[in-house]
Amino acid sequence: MKIVVCVKQVPDTKGGVKFNPDGTLDRGAMLAIMNPDDKAGLEAALRLKDEYGAEVTVVTMGLPKAEEVLREAMAMGADKGILVTDRVLGGADTWATSTTIAGALRNIDYDLIITGRQAIDGDTAQVGPQISEHLDLPVISYAKDIKIEDGYVIVQRQYDDRYHVLKAKMPCLVTALSELNEPRYMTPGGIFDAYDAEITVWGRKDLKDVDDSNLGLAGSPTKIAKASDKVRKGAGEVQTGLDADGAVSYIMGKLKEKHVI
């Protein structure tokens with residue numbers, strides 16, 4: 001069985017985020033981590049590998065530094081890493097991103113594609129299902145459990161306070177929740193092997209059945225109207241000279257004024 005996992009290198013929000021003048025994220029200037037939902041999807045693939053002897057290939061699209069997230073995945077146990085990077089792909093929204101990744105995946109043999117439900121820098125949950133549409137594959141989203149049985153994938157799909165059990169014939173695509181599992185740690189031996197391994201790098205010329213009009217910032221129908229790194233709070237209001245009863249009355253008055261009570 002061949003499994004492809006799509007991962008994304010996202011900003012580590014603890015270190016702050018920065019923006020380019022056009023409103024897109026300045027990814028080159030920020031600390032980055034593997035997207036949590038994607039990491040859970042990777043762990044699911046590695047568990048299937050442990051059980052069935054599958055080959056796991058990890059694919060990411062991004063700047064050259066996104067190679068780091070592929071090496072992390074390989075240090076965890078993935079077999080191959082593919083980086084899709086090209087200047088013409090920069091600034092892509094979900095449509096252009098899914099078009100690009102689908103173009104890359106057309107070069108790969110797979111039985112199952114796993115993506116994260118959504119990325120913490122966009123929160124759209126669109127890329128995984130869009131990839132399935134581009135590739136004409138069935139999709140099961142919001143997976144909280146994944147099993148394989150006789151050429152079918154069986155998924156518990158999270159739905160409000162319960163779950164659905166869905167079954168799809170492979171090849172198909174599944175999007176994973178971060179709650180799906182607890183990802184394993186990289187091993188020291190895995191880290192050494194990952195940094196000795198060769199990463200496959202693809203650019204625009206390697207994308208199959210993709211039109212330039214659907215790539216990068218120019219091919220993105222979604223435009224950013226405004227972006228900021230932080231929502232700045234006001235200075236607040238300081239009251240002095242109030243006794244306990246006065247302080248309570250003042251606070252209650254403010255709560256009523258704001259329609260909190």
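This section describes the sheet, the helices that pack on it and on each other, and two individual residues in a predicted model.

The sheet of the model is open and contains 9 strands, arranged in the order β9-β8-β7-β10-β6-β1-β4-β5-β11 with mixed pairing. Strands β9 (162–169) and β11 (200–202) occupy the edges; each has a single partner strand, so one side of each is left without a neighbour in the sheet. On average, neighbouring strands of this sheet are turned by 30° against each other, direction ignored.

At the β9 edge, β9 pairs with β8 in the antiparallel sense over 8 bridges. One of the residue pairs across these two strands is that of Val155 with its bridge partner Leu166 in β9. The two strands form a hairpin with 2 residues between them, and Asp160 in this hairpin takes a positive phi near 50°. Strand β8 (residues 152–159) also runs antiparallel to β7, to which it is joined by 6 bridges. Here Asp145 is placed opposite Gln156 in β8. The connection of β7 and β8 is again a hairpin with 2 residues between the strands, and Asp150 in the turn has a positive phi of about 50°.

Strand β7 (residues 139–149) further pairs with strand β10 (residues 172–176), in the parallel sense and over 3 bridges. Within this part of the sheet, Ala143 stands opposite Ala176 in β10. Towards the β11 edge, the sheet order places β4 beside β5. These two strands run parallel and are joined by 5 bridges. Val59 has Ile82 in β5 as its bridge partner. Strand β5 is mostly covered, with 4 of its 5 residues buried.

Two of the helices lie across strands of the sheet. Helix α2 (residues 67–76) lies across β4 (55–61) and β5 (80–84), and its direction makes an angle of about 165° with that of β5. Helix α4 (residues 127–135) lies across β1 (2–6), β6 (112–116), β7 and β10, running at about 175° to β10.

Both of these helices also pack against a further helix. For α2 the partner is helix α5 (residues 188–196); the two axes come within 7 Å and cross at roughly 135°. Helices α2 and α5 are therefore oblique to each other, and α2 passes α5 in a right-handed crossing. Residues Arg71, Met74 and Ala75 of α2 make the contact with Gly190, Ile191, Ala194 and Tyr195 of α5. By class, the residues of this contact of α2 with α5 comprise 5 nonpolar, 1 polar and 1 charged.

For α4 the partner is helix α3 (residues 94–105), which packs at an angle of about 50° with the axes 9 Å apart. The relation of α3 and α4 is therefore also classed as oblique, and α3 passes α4 in a right-handed crossing. On the α3 side, the contact is made by Thr94, Trp95, Thr97, Ser98, Thr99, Ile101, Ala102 and Leu105, and on the α4 side by Val127, Gln130, Ile131, His134 and Leu135. The residues of the contact of α3 with α4 divide into 7 nonpolar and 6 polar, with no charged residues.

Two acidic residues were examined individually. Glu72 is located in helix α2. Its relative accessibility is 17%, and because the cut-off for a buried residue is under 20%, Glu72 counts as buried. Apart from neighbours within four places in sequence, Glu72 is in contact with Met34, Lys39 and Met186.

Asp12 is placed in the loop between β2 (9–11) and β3 (32–34). Apart from neighbours within four places in sequence, Asp12 is in contact with Leu31, Ala32 and Ile33. The C-alpha atom of Asp12 is separated by 9.2 Å from that of Asn35, a residue 23 residues apart from Asp12 along the chain.

Note on methods. Residues are numbered from 1 along each chain as its sequence is written. This is a predicted model: local features need pLDDT of at least 70, side-chain atom pairs count only at pLDDT 80 or more; totals for chains, interfaces and linings use all residues. Side-chain values use heavy atoms; hydrogens and water are left out. Two strands pair if DSSP finds at least two bridges between them. Axes are lines fitted to C-alpha atoms, for helices over the stretch in contact, and angles run from 0 to 180 degrees between N-to-C directions. Contact means heavy atoms within 4.5 Å. Buried means under 20% relative accessible area, exposed over 50%, partly exposed in between (1.4 Å probe, protein chains only). Angles under 35 degrees count as roughly parallel, over 145 as roughly antiparallel, 65 to 115 as roughly perpendicular and the rest as oblique. A crossing is left-handed if the near helix is turned anticlockwise from the far one by less than a right angle, and right-handed if clockwise. Ala, Val, Leu, Ile, Met, Phe, Trp, Tyr, Cys and Pro count as nonpolar, Asp, Glu, Lys and Arg as charged, and the others, Gly among them, as polar.
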